[in-house]
Amino acid sequence: VETSKYVQRTWFAPTPQSVLTVLLENFSNETEKPVLFFTDELHTEVFDKHYDELKDKFICYNAGSTGALIQLLNKAYQCKLAQSCGIRVPEYEIVKKGAMPQHVPFPLITKTITSNDGRWKQDMIVCYSAEELQNAYKEIEAENIILEEFIESTNEVDLKGFSINGGEEIFFTHIKRWKYKDKQRGHLMYFEPCTDELFKQKIHQLIQKAEFSGIFDAEFIQNAKGELFFLEVNWRTGMYNYNHTLEGVNLPYLWAKSAIDGHISADETSVKDIKYTSLDELSSFADVLRNPSHLGSWIKELKKADILYYYNRQDKKPYRTAWRLFFRRKIRNVLKTAFKSF
């Protein structure tokens, strides 16, 4: 990000706590409150612990009180909120590592209770039997685990947006469908206007109950029958917000302006009635390195995508930097593996 021509100055810090210190030392006495965007759960957790200290100096994501946003990171708590809003949730239970399920049938998937526990996604393992679960526990680092009913899915479905005033006002972007199991189209993400008003109403109700103000990403999976099952809400912004600029939506800007104004302007949040595709060109190319036979499909996806997440012809330096760092990491990993074998 710091290589972008639009960025005037960058501060670096080694930990989320250090980031907080940099902000308080440099920006806590501004005439106009600076706006903070949380991009991962570690920052969310650290800053939410200091919300009472920050709220009079900064505009930032929050759930109304200190520690409330941390509670929202808990996947089990999210599932209870979703169920109370009439949203379908897979069967789940919380167990100590090593325990067998009492209610959830096999197949199931193991998950950490928050993204900051254990190894997060590496602790997500699909198990078809008690024996496979016991073997999975040997790899899992988190001490407490969610065992969740495994849904055989065809699509991942996401709906992003932002809310202000504790969820009283809300704005939704286009809905995303990602056919991640399709070998020919597995990396392309498909976007279109969300016309399911009941679906949006239920998510709005969830955000209101959470009393959340900020940018969010509600994730679901869809089975072969077309039924949607709740996965989680990410209470943060991220790279995959960028594609919505094709709809005429700059999510960080619109949330910041709406939070400052105290309301969401219908004129400024009008969305183009279009369908389009996006591609994360770097992570999809990593799949090509693992499976060279996918190169042809990747090139076709690259040409078909209406928007890419790294390349922008008006600002090319971040794109070049990202590719350079990508290959540097790959080469470093290969060398580490090679040295270990000696």
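**Figure 1. Salt bridges of K176 with E156 and D158 in the predicted model.** K176 and E156 form a salt bridge in this predicted model, with their closest N and O atoms 3.6 Å apart. Because K176 belongs to strand β6 (residues 169-178) and E156 to strand β5 (residues 153-164), the pair ties together parts that are 20 residues apart in sequence. Both K176 and E156 are buried. K176 also meets D158 in a salt bridge, at 3.2 Å from N to O. This second pair again links distant parts of the chain, with D158 in strand β5 and K176 in strand β6, 18 residues apart. D158, like K176, is buried. E156, D158 and K176 are thus shown as a network of linked salt bridges.

**Figure 2. The salt bridge between E41 and R236.** A search of the whole structure finds 15 salt bridges. One pair joins E41 to R236, the closest N and O atoms lying 2.8 Å apart. The two residues are 195 residues apart and link distant parts of the chain: E41 is in helix α2, whereas R236 is in the loop between β9 (228-234) and α8. E41 counts as buried because its relative accessibility is 9%. R236, at 18% relative accessibility, also falls under the 20% limit and therefore counts as buried. Side chains of opposite charge can pair when their charged atoms come close.

**Figure 3. The largest cavity and its lining.** The count comes to 1 cavity of 30 Å³ or more. The largest cavity has a volume of about 40 Å³. Its lining consists of E41, L72, L73, K75, Q78, S115, E232, V233, N234 and W235. Two elements, α5 (75-84) and β9, give two or more residues to this lining. The largest share, 3 residues, comes from β9. By class, the lining of the largest cavity holds 4 nonpolar, 3 polar and 3 charged residues. E41 appears both in this lining and in the salt bridge with R236.

**Figure 4. The second largest pocket.** The space in the second largest pocket amounts to about 250 Å³. Its lining is made up of 15 residues, and I59, C60, N62, S213 and A259 are those that lie nearest the centre of the pocket. Helix α8 (residues 251-261) provides the largest share of the lining, with 3 residues. Sorted by class, the residues lining the second largest pocket are 7 nonpolar, 6 polar and 2 charged.

**Figure 5. A nonpolar patch on the surface.** The patch is formed by L289, F327, I331, L335 and F339, which together have about 510 Å² of accessible area. Helix α11 (residues 317-340) gives the largest share of the patch, 4 residues. L289, a further member of the patch, lies in helix α9 (residues 281-290). L289 counts as partly exposed because its relative accessibility is 42%.

**Figure 6. The cis peptide bond between F106 and P107.** F106 and P107 are joined by a cis peptide bond, with omega at about 0°. P107 is placed in the loop between β1 (92-96) and β2 (108-112).

**Figure 7. Positive phi values at N165 and E211.** N165 is not a glycine, yet its phi is positive, at about 55°. The residue lies in the loop between β5 and β6. With a relative accessible area of 43%, N165 is partly exposed. E211, likewise a residue other than glycine, has a positive phi near 55°. The loop between α7 (197-210) and β8 (214-223) contains E211. E211 is partly exposed, since its relative accessible area is 47%.

**Figure 8. T31 and K57.** T31 is located in the loop between α1 (16-27) and α2 (41-49). Its relative accessibility is 79%, so T31 counts as exposed. T31 and K57 are 26 residues apart along the chain, and their C-alpha atoms are separated by 9.5 Å.

Conventions:
Residues are numbered from 1 along each chain as its sequence is written. This is a predicted model: local features need pLDDT of at least 70, side-chain atom pairs count only at pLDDT 80 or more; totals for chains, interfaces and linings use all residues. Side-chain values use heavy atoms; hydrogens and water are left out. On a 1 Å grid over the protein atoms alone, a cavity is a set of points where a 1.4 Å probe fits but cannot get out, and a pocket is an open set with protein on both sides within 12 Å along at least five of seven lines; lining residues have an atom within 4 Å of a point. Grid points are joined across faces, edges and corners, and a volume is the space filled by probe spheres set on the points. Ala, Val, Leu, Ile, Met, Phe, Trp, Tyr, Cys and Pro count as nonpolar, Asp, Glu, Lys and Arg as charged, and the others, Gly among them, as polar. Patches are made of residues with over 30% relative accessible area and no salt bridge: like charges are joined within 9 Å, nonpolar side chains (Val, Leu, Ile, Met, Phe, Trp, Tyr) within 5 Å. Accessible areas come from the Shrake-Rupley method with a 1.4 Å probe; for residues, only the protein chains shown count as cover. A salt bridge is a side-chain nitrogen of Lys or Arg within 4 Å of a carboxyl oxygen of Asp or Glu. Buried means under 20% relative accessible area, exposed over 50%, partly exposed in between (1.4 Å probe, protein chains only).
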